[in-house]
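Student: Hey, can we go through this one together? I'd like to start with the strands and get to the DNA afterwards.

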Number of protein chains: 2
Amino acid sequence: MKKIRDFQEFVSKGERLYLRHLSVDCVIFGFHDDSLKVLLLKWKDGGHWCLPGGFVKKNEAVDDSATRILKDRTGLDDIFLQQFHAFGDPFRDRNKELLSIQGKSGKWLMERFITIGYYALVEYSKVSPQPDWLSEECKWVDIHKLPKLIYDHQDIVRKALAELRRSLNDHPIGYNLLPEKFTMPELQRLYETVLDKTLDRRNFQKKMLSLKILERLKERKTGGAHKAPYLYRFDKKKYAKAVKQGLRFGF
Amino acid sequence: MKKIRDFQEFVSKGERLYLRHLSVDCVIFGFHDDSLKVLLLKWKDGGHWCLPGGFVKKNEAVDDSATRILKDRTGLDDIFLQQFHAFGDPFRDRNKELLSIQGKSGKWLMERFITIGYYALVEYSKVSPQPDWLSEECKWVDIHKLPKLIYDHQDIVRKALAELRRSLNDHPIGYNLLPEKFTMPELQRLYETVLDKTLDRRNFQKKMLSLKILERLKERKTGGAHKAPYLYRFDKKKYAKAVKQGLRFGF
DNA sequence: TAATTATTGTGTTGAACAAACACAATGATG
DNA sequence: CATCATTGTGTTTGTTCAACACAATAATTA
């Protein structure tokens, strides 16, 4: 992929390259330090925060646009990605004065955009956040400590989180959000964080094990200042089979 | 609203009026004769079947486009409407040769469209299906006996049904799909149809009543050749309260 | 008008699951 | 080697779910 040097070049090429009025925004979830994080960008100009996003090439599937954006910001392929909502209010991106667009060629950017929202589940430690040409910074932010975001990006995050919660009942999110090996307490804290409530340790373990998609490994010693918990990993075969049959968690 | 006289006028005005590359398609569900129906249109030209759809005006919220389309095809306001997916494959509407567009002004219609899918739940008897200017016919079709549909409209229906099933756990669909007064067997057959499986009559009733959103009325005599079942209706207050707290059906 | 028939209304039981809870084992710390 | 926070496991109790049976009723018919 050819790199776009600067803003002006991007703006003038954009009109030829992209579908008008249509963008993609991604809510990229990660889990670290017992909290749920979202990957955000900070604009060079003005320091405003926003979600990683981009546009749809004229011959590109919208899903592929999302995949491309994710790859650009995280360096990762093969990400779990889920389209969840299209945001189509005509005033959703009204205050475009935030962008300092000059010249006639940038007009397309000032027009109204409908954006299609995707959320992604990634393994925190595998991501190397990369700012785009617009941004000075790309970093993880605790979902409960979000800065003010541009446009309706706050709503987009809220909706993404709501959909993530909804999907808890069908989809074992630990598979995508945790490293390959993890402990039961870690898995539990993930669920507690997403659901924003505490769960009973013993009942949680029973429920998880009853799904028969986990495999228990040897002890883990290092680090923790207390009794070393077992490590688990997902059993891919059983996992795939279970998902196909339709898992029912009870959250 | 000014009526659009014919195809050519529509095509030439469209470019000024609508956002490019963006459409809305609606899967309108109704329930009648113990079966789930979808409202379809049949084109004058070629007799192809499709979903009711339309385009997004330059200053119109996408949700409002869907509402407008629904009003035009059914005559109804205040419809339960739910956006469920954006279909963004570049070849999804490839075979545009189905449309016989002539003239330069129609070019916009031949380009690629991303369509945003909505499903609606309506009370069958209240709908008076109205063809649009493209169509000779607008009618209800059993969801299990669909004709061949244009483009990816079959996929759109499939996805809508999947989402409807998913929503069964949070949303009491009977409220939108049945007439104000209905019997327990009717409600049950609705669920059986949507889920495509039979349910135990007694357990179903217990579950429904335990939600405390139904109000039982007097007997119903007319019609049925057997014991007359009670009539029920939704108790709007309790219903609203329950939905807000998050219903959990167990399907 | 009384028997027939299909359907509705209701209740019970046993099994599966969920919530609440207690105690022993462990590994680092001082 | 005693302490401490945390993990591993099991029991009890109540709730929900699945499977099932029988009496009541409204139109039909004999």
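Strands first, then DNA

Tutor: Sure. Strand β1 (residues 18–32) of chain B runs antiparallel to β2(B), and four bridges join the two. Keep in mind that this is a predicted model.

Student: Okay, which residue of β2(B) stands opposite B:Gly30?

Tutor: That's B:Lys37.

Student: And how many residues sit between the strands in that hairpin of β1(B) and β2(B)?

Tutor: Two residues. In this hairpin, B:Asp33 takes a positive phi near 50 degrees.

Student: What about β7 of chain B, how many bridges does it make with β2(B)?

Tutor: Seven bridges, with β2(B) and strand β7 (residues 135–142) paired in the antiparallel sense. B:Lys37 turns up again here: its bridge partner in β7(B) is B:Asp142.

Student: Where does β3 of chain B come in?

Tutor: Strand β3 (residues 49–50) of chain B also pairs with β2(B), antiparallel, over two bridges. In that pairing, B:Leu41 has B:Cys50 as its bridge partner. The hairpin of β2(B) and β3(B) has five residues between the strands, and B:Gly46 there takes a positive phi near 100 degrees.

Student: With those pairings in mind, is β2 of chain B mostly covered or mostly uncovered?

Tutor: Mostly covered. Strand β2 (residues 35–43) of chain B has nine residues, and eight of them are buried.

Student: Cool, let's switch to the DNA. Which residues are closest to DNA strand C?

Tutor: They come from both chains: A:Arg202, B:Arg201, B:Arg202, B:His226 and B:Tyr230. In total, 22 residues surround DNA strand C.

Student: How do the residues of that surface divide into nonpolar, polar and charged?

Tutor: Five are nonpolar, five are polar and 12 are charged.

Student: And what share of the DNA strand C atoms within 4 Å of the protein belongs to sugar or phosphate?

Tutor: 46%, and the rest belong to bases.

Student: So which side chains are by the bases? Start with A:Asn203.

Tutor: A polar side-chain atom of A:Asn203 is 3.1 Å from a base nitrogen of DNA strand C. In chain B, the side chain of B:Lys206 has an N or O atom 3.0 Å from a base oxygen. B:Lys227 has a polar side-chain atom 3.2 Å from a base oxygen of DNA strand C.

Student: Which elements give two or more residues to the surface near DNA strand C?

Tutor: α7 (201–210) of chain A and α7 (201–210) of chain B.

How values were computed. Residues numbered from 1 in each chain as written. Chains lettered and ligands numbered in written order. Predicted model: local features only at pLDDT ≥ 70, side-chain atom pairs only at ≥ 80, totals over all residues. Heavy atoms only, no water. Near = heavy atom within 4 Å. Polar contact = N/O pair within 3.5 Å; in protein donor to acceptor, adjacent residues only side chain to side chain. Nonpolar A, V, L, I, M, F, W, Y, C, P; charged D, E, K, R; others polar. Buried < 20%, exposed > 50% of the residue type's maximum accessible area, 1.4 Å probe, protein only. Pairing = 2+ DSSP bridges.
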